[in-house]
Amino acid sequence: MSKKTIILGIESSCDETAASILTENQHGIPTILSNIISSQVDVHKEFGGVVPELAARSHIEKIDWIVEKAIKDSGKKLEDIDAIASTAGPGLIVCLSVGLSFGKALALSLNKPFIAVNHLEGHALSPKLNSQLDYPYLLLLISGGHSQFLSVEGLGKYKRLGTTIDDALGEAFDKTAKILGIEFPGGPQIEILAKKGNPNKYELPKPIFNRGGCNLSFAGLKTAILKISKTLKTDQDKYNLAASFQKTIEEILNKKTKIAFEEFKKKNNTKTNHFVVAGGVAANKKIREILINLCKKENFKPIFPPKELCGDNAAMIAMVGLEKYKLNQFTKLDHPAIPRWPLDESAAFLKGAGVKF
Ligand code: KG4
Ligand code: ZN
């Protein structure tokens, strides 16, 4: 029996230090052997958001034992690893530099190939960790830093159909939570509070709802919520506002996804239309429900990564590493960390944004 490829994935783009060992089973299906994630929530809580310098320091303190634990838990040895894949962007430059340098150094010392991975491509491919998924598919990527509809046409082949013109959806959840006095990171808490409230209590704006194709906009919501928050008297008022926010988001996503379905169908002629929802906000149960219902009506097949793989993790980075390994797409060791790195090459790429170190 031929030896199965083993990839070490490393992620440190923001406030999660993570490492994972990934292989394939006899049918070529990716198999996670270990997936270690250490969140820095406690480090950043008192500041109400991620402090880059503290995040980087925390990555430096943890990266070696996280990688060690990932290898130990996988039952493999360091020398069994075929290649090392690290997130190279987008993200906070001081944070990216930690996992990227660590991965490069390890690859150099083991004399194994190194693979630089786009973090967004990790989210985009994360459903492949538990589902058989063929190209092309429509992707809705909703995370703390990005909100985009993309036509995924192959590894490294993305066409952007729509994007947020201001805040990302996760950012809108987090900002709403902050206004309501909920501890960072508030996104998941909003979902919980919303269950106790009346979603029809407050009328909130839906920016670019009737124009702009499947582009999105959430900044106006924050302003409206800030205004209403000054009138809140009881906890129930707070729950009502959280519920109204959640409902507004559902309506926006429902409408914009329907438009994205049409645009995807115009571009691609496939027998089965697959719709993948990935990124941290894809963990939101109500958002999942409305998108699943929409798929039923519009004849799309919905695919979500398992909840634990929606947020930042290194298994998705190793997954991209595995696909690139099979195509011999290795990276030179002078590859820079790239703080801004869009998936769609035709979208503005800031030349010179990469920083070598
Ligand atoms: O993908 P992710 O872990 O990190 C980025 O790459 O940004 O996404 C984090 C975002 C945060 O804004 C967080 O509040 C949001 O995902 N999030 C949620 C939920 N779980 C995480 N937002 C709404 N409902 C949730 N259940
Ligand atoms: Zn992410």
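Here is a short tour of the ligand site, one sheet and a few unusual backbone spots.

Before clicking, note that this is a predicted model, in which local features need pLDDT of at least 70 and side-chain atom pairs count only at pLDDT 80 or more, while totals for chains, interfaces and linings use all residues. Residues are numbered from 1 along each chain as its sequence is written, chains are lettered from A and ligands numbered from 1 in the order in which they are written, and side-chain values use heavy atoms, with hydrogens and water left out.

**Stop 1: ligand 1**

Select ligand 1 and the residues near it (a heavy atom within 4 Å). You should get 18 residues, with Gly144, Asp174, Glu191, Gly280 and Asn284 the closest. Now look at polar contacts (pairs of N or O atoms within 3.5 Å). A polar side-chain atom of Asp174 sits 2.6 Å from a ligand 1 oxygen. On the backbone side, a polar atom of Gly144 is 2.7 Å from an oxygen of ligand 1, and one of Gly187 is 3.4 Å from a ligand oxygen. On its own, ligand 1 exposes 560 Å², and the protein buries 84% of that (Shrake-Rupley areas, 1.4 Å probe).

Next, color by secondary structure (DSSP runs: helices, H or I, of at least four residues; strands, E, of at least two). Helices H4 (119-125), H5 (169-179) and H6 (187-194) each give two or more residues to the shell. By type, the shell holds four nonpolar, 11 polar and three charged residues, with Gly counted as polar. Color by domain too (bounds from an automatic or database assignment): domain 1 (7-127 + 309-326) and domain 2 (134-304) each supply at least three shell residues.

**Stop 2: the five-stranded sheet**

Show the open, mixed sheet ordered E8-E7-E6-E9-E10; strands pair if DSSP finds at least two bridges between them. Its edges are E8 (157-163) and E10 (300-303), each pairing on one side only. Strand-to-strand twist averages 25°, with axes fitted to C-alpha atoms and angles from 0 to 180 degrees between N-to-C directions. Zoom in on E9 (273-278), which runs parallel to E10 over four bridges. Pick His274 there and its bridge partner in E10, Lys301.

**Stop 3: backbone oddities**

Where are the cis peptide bonds? One runs from Gly89 to Pro90, omega near -15°, with Pro90 in the loop between E4 (83-89) and H3 (93-110). Another links Tyr135 to Pro136, omega near -5°; Pro136 is in the loop between H4 and E6 (137-142).

Finish at Asn111, a non-glycine residue with positive phi, near 60°, in the loop between H3 and E5 (114-118).

Key
A polar contact is a pair of N or O atoms within 3.5 Å; within protein, one must be able to donate a hydrogen and the other to accept it, and residues adjacent in sequence count only if both atoms are side-chain atoms.
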